Amino acid sequence: MVDGWAHLANPADVAFFFVLGISVALLVGITGVMIYFVIRYSRKRNPVPEDIKEHLPIEILWTVIPTILVLAIFWVGWKGFVYMRTAPPDAMPVKVIARQWSWTFIYPNGKEDGVLRVPVQKPINLLITSADVVHSLFIPAYRIKEDCVPGMETHLWFLPDELGSYDLFCSEYCGVAHSAMITKVEVMPEKDFDEWYQSEKPAAKTSVPGKKDHGPKTAVGHAAALIAAKGCIACHSTDGSPKVGPSFKGIFGKKETVLHDGKEVAVSVDAPFIRRKLLEPEKERVKGFPPIMPSQKGLLKDHEIDELVEYLKTL
């Protein structure tokens, strides 16, 4: 259970308004003293200035008061920091994988999604990593932000206290499509979340040799959702329009010039090429496009690659 700070936004808000209140009080107080001094000690009232060399009470006062204020600000910030870094024991763990330029959320039962779906009033513990470069997960509505570091797991928790849809995006510049690395936090009623959570997980199915797990239509549908979840559409369009990478439309069977070992080689975009491109993208980089595609090795299952091939055939 969470403690008295019911909303995780509160620690950040409390610290912010505490410092703001002190700043406003100092602004008003100092400005008031300045105005008083201008009037009280004007040249008309005091034609002969008096030199005050020392005043022990004032010196103690302007040393003690700032010290108390600094310690108070530290205490409020530290209390909020400890609260934000200590997830409740009953928090639901959700693994977060950031990659250029998409988010993948993996739940305890293996279900994956490109949107962070959570039940209302249930603490959520995010276990965060990156598949390529440094990203930063930021949910403004909950005042939380944490770096996503390759080869390292960071963590962050929050309490979704109200139903609704909230922005989640990367706040660390991570490449040309950084601005497109946006998704949502969908806070759902507990019943609706349980229905979604227990629903079939197509992507978790495994292929059986000699037997198809999915029909052609189902595979194409899964692949369309997969390229959105993996962030492929940030660089590749499906309508023929140019982006950072070549468009998926009409790509299958097309002849492309690739750079292989520093030499230009003409290849046909077939199933083996697509597989190689996904697993070792820089080994055969399509001429005219920057070297920014991350490897999907360990991130895509064999049957998912097969579905992607089938999907490209339909475009």
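In which strand is the place of D113? Point 4 gives the answer. The points below walk through a predicted model.

1. **Confidence first.** The average pLDDT of the protein is 82. A score of at least 70 is reached by 90% of the residues. Residues 1-8 are a weak stretch, with pLDDT below 50. The model still gives this stretch 23 contacts beyond near neighbours in sequence. Residues 202-216 also stay under 50. For them the model has 18 contacts beyond four places in sequence. Where pLDDT is low, the predicted coordinates should not be read in detail.

2. **The largest core.** The largest nonpolar core has 38 residues. Which of them touch the most other members? They are W103, Y107, L116, L126, L137, F158 and V185. Strand β1, residues 92-99, gives the most to this core, with 4 residues. There is also a second, separate core, with 18 residues. Its members include F273, L278, V309 and Y311.

3. **V185 up close.** Take V185 as one member of the largest core. Leave out residues up to four places away in sequence, and V185 touches L116, V118, I139, F158, G164, S165, Y166 and L168. Find L116 and F158 in that list; both are also named among the residues that touch the most other core members.

4. **D113, an acidic residue inside.** D113 sits in strand β3, residues 112-113. Is D113 buried or exposed? Its relative accessible area is 18%, so it is buried; the limit is under 20%. The D113 side chain reaches the backbone nitrogen of V115 at 3.3 Å. Beyond four places in sequence, D113 is in contact with W103, T104, F105 and W196. W103 is a name to recall from the largest core.

5. **C148, at zero accessibility.** C148 lies in strand β7. Its relative accessibility is 0%, and so it counts as buried. Now compare sequence with space. C148 and A98 are 50 residues apart in sequence, yet their C-alpha atoms are 6.7 Å apart. A98 is also among the contacts of C148 beyond four places in sequence. Others in that list include W103, I128, V134, H135 and L137.

6. **Q100, a polar residue in a loop.** Where is Q100? It is in the loop between β1 and β2, with β2 spanning 102-106. Q100 has a relative accessible area of 13% and is buried. Its side chain reaches the backbone oxygen of C174 at 2.7 Å. Outside its neighbours within four places in sequence, Q100 is in contact with D132, V133, H135, C174, G175, I292 and P294.

7. **Helix α5 has a buried face.** Helix α5 covers residues 271-279. Its buried residues are F273, I274, K277 and L278. Why do they line one face? Seen down the axis of α5, they fall within an arc of 130°, so they line one face of the helix. What covers them includes β11 (255-260), β12 (263-268), β13 (285-286) and α6 (302-314). At the N-terminal end of α5, D270 acts as a cap. A side-chain oxygen of D270 lies 3.0 Å from the backbone nitrogen of F273.

8. **Salt bridges.** Side chains of opposite charge can pair when their charged atoms come close. How many salt bridges are counted here? The count comes to 10. One joins the side chains of D13 and R143, at 3.0 Å from N to O. D13 is in helix α1 (residues 9-40), while R143 is in the loop between β6 (135-139) and β7 (144-148). The two are 130 residues apart, and the pair links distant parts of the chain. R143 is partly exposed, at 37% relative accessibility.

9. **More pairs to check.** K287 and E264 meet in a salt bridge at 3.0 Å, N to O. K287 is in the loop between β13 and α6, and E264 is in strand β12, 23 residues apart. K287 is partly exposed, at 44% relative accessibility. E284 and R276 also form a salt bridge, at 2.7 Å, N to O. Here the partners differ in burial. E284 counts as buried at 11% relative accessibility, whereas R276 counts as partly exposed at 38%. Finally, R275, D302 and D306 are linked in a network of salt bridges.

Note on methods. Residues numbered from 1 in each chain as written. Predicted model: local features only at pLDDT ≥ 70, side-chain atom pairs only at ≥ 80, totals over all residues. Heavy atoms only, no water. pLDDT = per-residue confidence, 0-100. Contact = heavy atoms within 4.5 Å. Core = buried A, V, L, I, M, F, W, Y, C linked by side-chain atoms within 4.5 Å. Buried < 20%, exposed > 50% of the residue type's maximum accessible area, 1.4 Å probe, protein only. Arc of directions from axis to C-beta. Polar contact = N/O pair within 3.5 Å; in protein donor to acceptor, adjacent residues only side chain to side chain. Salt bridge = Lys/Arg side-chain N within 4 Å of Asp/Glu carboxyl O.
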